[in-house]
Every structure is written in structure tokens, then in C-alpha cells.
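Dear colleague,

Please find below the structure that I am handing over to you. I would be grateful if you kept it open while reading the notes that come after it.

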Amino acid sequence: MSLQQFWFVLVGVLFTGYFVLEGFDFGVGMLMPILGKGSDIRRRVVLNTIGPVWDGNEVWLITAGGALFAAFPEWYASMFSGFYLALLLLLVALILRVCAIEYRAKINDPTWRAWCDIGIGIGSWIPALAWGWVFANLVRGVPLDADRQIVGSVWDLLSPYALLGGVTTAILFALHGAIFLTLKTGGEVRADARKTVRVLFGPAVVIVGAFGLWTQLAYGSGWTWAALGVAVAGLVLAGAATAASRDGWAFVGTTLTVMSATVLLVGSLYPNVMPSTLSPLYDLTIDNASSSHYTLQVMSWAAVLATPVVLVYQGWTYWVFRKRLTVEHIPAPTGLPLSEPPR
């Protein structure tokens with residue numbers, strides 16, 4: 001395996017980890033209004049399931065972006081310039097979500113918390129839709145010219161395939177988040193989360209299956225059929241385990257689906273990193289978009305030494321916060337008043 005291949009795989013692994021972990025975070029945020037049902041204490045139960053881990057999950061995106069910049073600077077430059085407005089909107093949504101989560105409990109006021117909940121919802125829905133749209137466009141190809149600039153209008157990026165990609169990640173993350181909530185909550189919140197899983201499961205199977213089959217037939221290779229098969233098997237496992245009240249196995253099922261769907265997309269892209277719809281001569285590949293051999297060599301040693309430490313630490317975090325949450329575990333609000341009480 002060449003260093004270019006190694007770093008292409010590693011970038012794929014980092015985005016896979018991000019989608020698996022941050023995927024259920026997004027799903028929880030998307031479902032807060034539904035499972036909260038007008039009750040602040042229920043919304044706090046839902047939000048507290050990701051409270052100890054959500055910011056650690058976002059580290060995967062930061063690492064993936066850093067690896068992309070260092071290992072494939074041409075890919076990074078072309079993608080972030082061509083998708084500038086979309087990625088800017090995604091970044092603003094993520095910042096809004098961070099601020100809403102962090103500051104929700106700082107002020108003890110229903111209106112303040114309601115606005116924060118809106119911020120969490122917006123900051124969860126936009127990335128859930130945007131990531132599928134971005135990766136679908138990468139696989140399909142973009143109008144990349146000889147100067148490695150994306151030309152054309154935004155309508156070129158709004159193909160049916162790309163839009164279906166956005167809907168696919170959104171519903172898959174929502175299902176992933178709902179199953180995570182069945183695993184992490186108890187009582188009435190868990191019961192409602194299970195009902196939500198049953199509502200989402202059928203549409204998720206149809207949409208994920210359609211997008212996966214379209215990807216495989218149009219852009220996949222022989223070995224990516226295995227990734228599609230594992231993705232389908234994961235959904236079957238999730239449905240069967242949910243019916244049997246085996247929440248852990250259901251979460252394993254959606255985790256396998258998210259992982260396999262990402263492998264399908266990344267595998268369908270290889271050896272390109274950004275194919276051009278104008279001419280194959282303009283394709284960005286793992287070879288012509290990569291950094292120098294020395295840079296990749298130094299980065300490889302750093303990755304080999306640091307990655308196990310990060311994985312062990314994050315795994316320990318999930319183990320510490322593995323208990324289920326119920327409304328009985330939520331204390332009274334302790335935030336500051338929005339305004340000074342009258343004297």
C-alpha cells in the first residue's frame with residue numbers, strides 16, 4: 001500500500017468515525033422537539049444523553065479536516081472553494097448548535113431555552129442534510145476545470161442523486177439517534193423513542209436502499225457490493241433487534257449501516273478524490289492531489305502513535321457514561337435569571 005492509499009483510507013476512516021458518532025448526535029438534536037413533547041425535563045433527558053460525548057465526537061471532523069488539508073491539499077482547496085457557501089452554512093449551523101447546547105442551561109428562562117432548542121434543531125438538521133449532499137456530489141463528480149476550480153452554477157450541484165444523498169443521511173442519522181435514545185434512556189422517553197424508531201424504520205429502509213443501489217450501479221466497483229450488503233444487513237439487524245427490545249444490538253445495526261454506507265461512498269470515489277464531469281483529464285486523484293512523500297511519511301508516524309491513545313480515551317468516556325437516563329435523574333434548573341427580579 002502506498003502512502004497516498006494509506007492516507008486516503010485514513011481520511012475515509014476518520015469521516016466514517018465522525019458519521020457514526022456525530023450521526024446519532026445529529027439524530028438526537030433532530031428528534032428533541034418530537035420526544036420533548038413540550039416538557040423541558042424530557043428535552044433535558046434527551047439532550048443529556050449526548051451531553052458528555054458530543055464535543056468529543058466533533059473532534060473526528062476536526063481531525064478529518066486536518067488530515068485532508070495536510071495529506072491532499074489540492075482536494076481540500078478545490079472542495080472547500082467549490083462548496084464554499086454550502087460548507088460555510090454547515091459551519092455556521094455547527095457553531096449555532098455548539099452555542100445552543102453550551103448555553104441552554106446557563107439561563108433559567110423558558111423563552112431562552114426554547115430559542116436554544118431551535119438552535120439545536122437547526123444545527124442538527126442542516127449538517128445531517130448537507131453531508132450527504134456533499135459526498136454524493138463528490139462521488140457523482142463536479143464541473144472541475146483544468147485549473148482545478150469548480151465552475152458552473154449551484155444548479156449543477158443540485159442533481160436528483162445529490163439531493164437524495166442529503167435526504168438519506170438525514171433519515172439515517174435520525175434513525176441512528178432514535179435507536180441511541182432507546183439505549184440511553186428509560187421510562188416514557190425510551191417508550192416514545194421506540195415508537196419513533198418504528199415510524200422511521202420503513203422510510204429509512206426504502207431511502208437508504210434506493211440511494212445505496214443507485215450509488216453501486218452508477219459509480220461502484222465489484223467489491224463495494226459487499227459494503228452495500230453489510231449496510232442492508234445492518235438495517236435488518238436494527239429492525240429485528242428493536243422488535244426484540246435488544247437496544248444494544250439495534251444500535252450495532254445502525255452503526256454498521258452508517259459505516260458501510262460511508263465505505264460505499266468512499267470506495268466508489270477511489271482512486272479519484274474529486275472526479276470532473278468536464279473531462280477525465282481534470283480529475284483529482286490520490287496521486288495528483290497529495291502532498292509530498294516526506295510530508296505523508298512524517299504524518300503517518302504521528303497518526304500511528306496518536307490514534308490508539310485517542311481511541312482508548314474516547315472509548316473510556318463512553319464506558320463511564322453508559323448508564324440510562326430518566327426524568328428522575330434530572331435536577332432542578334440552576335441557571336441565572338434572564339432579568340433581575342423586582343425588588
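The notes below go from the overall fold to the surface and then to the interior.

Please bear in mind that this is a predicted model. The chain contains 11 helices and two strands. In sequence order, the pattern reads α-α-α-α-α-α-α-α-α-α-β-β-α. The radius of gyration is 21 Å, close to the 20 Å that the globule rule gives for 343 residues, so the chain is as compact as a globular protein of that length. The C-alpha trace spans about 70 × 50 × 45 Å along its principal axes. Among contacts with a separation of 6 or more, 80% join residues that are 24 or more positions apart.

Turning to the surface, the chain exposes about 16200 Å², and 71% of this area is supplied by carbon and sulfur atoms. There are 20 positive and 19 negative side chains, and the centres of these two sets lie 14 Å apart.

As for the interior, 51% of the 343 residues count as buried. The largest nonpolar core holds 92 residues, of which Trp7, Trp75, Phe83, Trp131 and Met274 touch the most other members. Helix H1, covering residues 3-36, gives the most to this core, namely 17 residues.

Which residues does Trp131 touch, not counting those up to four places away in sequence? They are Phe15, Tyr18, Phe19, Phe26, Leu61 and Leu90. You may wish to begin by locating Trp131 in the model, together with these partners.

Yours sincerely,
A colleague

Technical notes. Residues numbered from 1 in each chain as written. Heavy atoms only, no water. Helix = DSSP H or I, 4+ residues; strand = E, 2+ residues; numbered from the N terminus. Rg over C-alpha atoms; globule rule 2.2 N^0.38 Å. Buried < 20%, exposed > 50% of the residue type's maximum accessible area, 1.4 Å probe, protein only. Contact = heavy atoms within 4.5 Å. Areas by Shrake-Rupley, 256 points an atom, 1.4 Å probe, with all protein chains shown as cover. Lys, Arg positive; Asp, Glu negative; His and termini not counted. Charge placed at Lys NZ, Arg CZ, Asp CG, Glu CD. Core = buried A, V, L, I, M, F, W, Y, C linked by side-chain atoms within 4.5 Å.
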